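This report describes the protein chain shown below, with attention to its pockets and to selected residues that line them.

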Amino acid sequence: MWWKRRPTRGSAWAMGRPAPRRAFVRGHWAGVLAAITAMVLAGMFLPLLGWSLLGFILLGAAIAEARRSSI
C-alpha cells in the first residue's frame, strides 16, 4: 500500500490521501445504497469474501467506537 501512496513529485501514478473518516456515510444516499447492495450481493455469491468483509466492517466500527469513547 505504501508503494502506491508513496510521495512522488508530479507522477501520473501518484495517489492522493485516503478518504476522511465516515466519508462513506456522508455520501449521497443512492451511492451508499448501491455500495451496500453490492456488498450484500458479493457476500451472497462469495460467502468467504462476505464474512471477511463483515468482520473488517465490525472491527473498524469497534476500533472507532473505542477511540471515540477514550477521548
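At 31% relative accessibility, Ala64 falls between the limits of 20% and 50% and therefore counts as partly exposed. Ala64 belongs to helix α3, which spans residues 47-70. Although Ala64 and Arg21 are separated by 43 residues in sequence, their C-alpha atoms lie 9.4 Å apart in space.

**Model and confidence**

The model is a predicted one. Across the protein chain the mean pLDDT is 82, and 77% of the residues score at least 70. Confidence is highest in helix α2 (residues 29-45), with a mean of 91, and lowest in helix α1 (residues 2-5), with a mean of 66. Where pLDDT is low, the predicted coordinates should not be interpreted in detail.

**Overall organisation**

The protein chain contains 3 helices and 0 strands, giving the pattern α-α-α along the sequence. Of its 71 residues, 3% are buried. The exposed surface of the protein chain amounts to about 6,800 Å², of which carbon and sulfur atoms supply 71%.

**Pockets**

The two pockets considered here are set out in the table.

| Pocket | Volume | Residues from α3 | Lining by class |
|---|---|---|---|
| Largest pocket | about 450 Å³ | 7 residues | 11 nonpolar, 1 polar, 4 charged |
| Second largest pocket | about 160 Å³ | 5 residues | 7 nonpolar, 2 polar, no charged |

The largest pocket has a volume of about 450 Å³. It is lined by 16 residues, and those closest to its centre are Arg21, Arg22, Gly60, Ala61 and Ala64. Ala64 and Arg21, the pair with C-alpha atoms 9.4 Å apart, are thus both included in this central group. Helix α3 provides the largest share of the lining of the largest pocket.

The second largest pocket is lined by Ile36, Met39, Val40, Gly43, Gly50, Trp51, Leu53, Leu54 and Ile57. Helices α2 and α3 each contribute at least two residues to this lining, with the largest share coming from α3. No charged residues occur in the lining of the second largest pocket, whereas the lining of the largest pocket includes 4.

**Leu54 in the second largest pocket**

Is Leu54, a residue of this lining, buried or exposed, or does it lie in between? Leu54 has a relative accessible area of 38%, which lies between the 20% and 50% limits, so Leu54 is partly exposed. Leu54 is found in helix α3. Leu54 and Met39 are 15 residues apart in sequence, with a C-alpha to C-alpha distance of 9.2 Å, and both residues line the second largest pocket.

Key
Residues are numbered from 1 along each chain as its sequence is written. This is a predicted model: local features need pLDDT of at least 70, side-chain atom pairs count only at pLDDT 80 or more; totals for chains, interfaces and linings use all residues. Side-chain values use heavy atoms; hydrogens and water are left out. Buried means under 20% relative accessible area, exposed over 50%, partly exposed in between (1.4 Å probe, protein chains only). pLDDT is the predictor's confidence in each residue, from 0 to 100. Accessible areas come from the Shrake-Rupley method with a 1.4 Å probe; for residues, only the protein chains shown count as cover. On a 1 Å grid over the protein atoms alone, a cavity is a set of points where a 1.4 Å probe fits but cannot get out, and a pocket is an open set with protein on both sides within 12 Å along at least five of seven lines; lining residues have an atom within 4 Å of a point. Grid points are joined across faces, edges and corners, and a volume is the space filled by probe spheres set on the points. Ala, Val, Leu, Ile, Met, Phe, Trp, Tyr, Cys and Pro count as nonpolar, Asp, Glu, Lys and Arg as charged, and the others, Gly among them, as polar.
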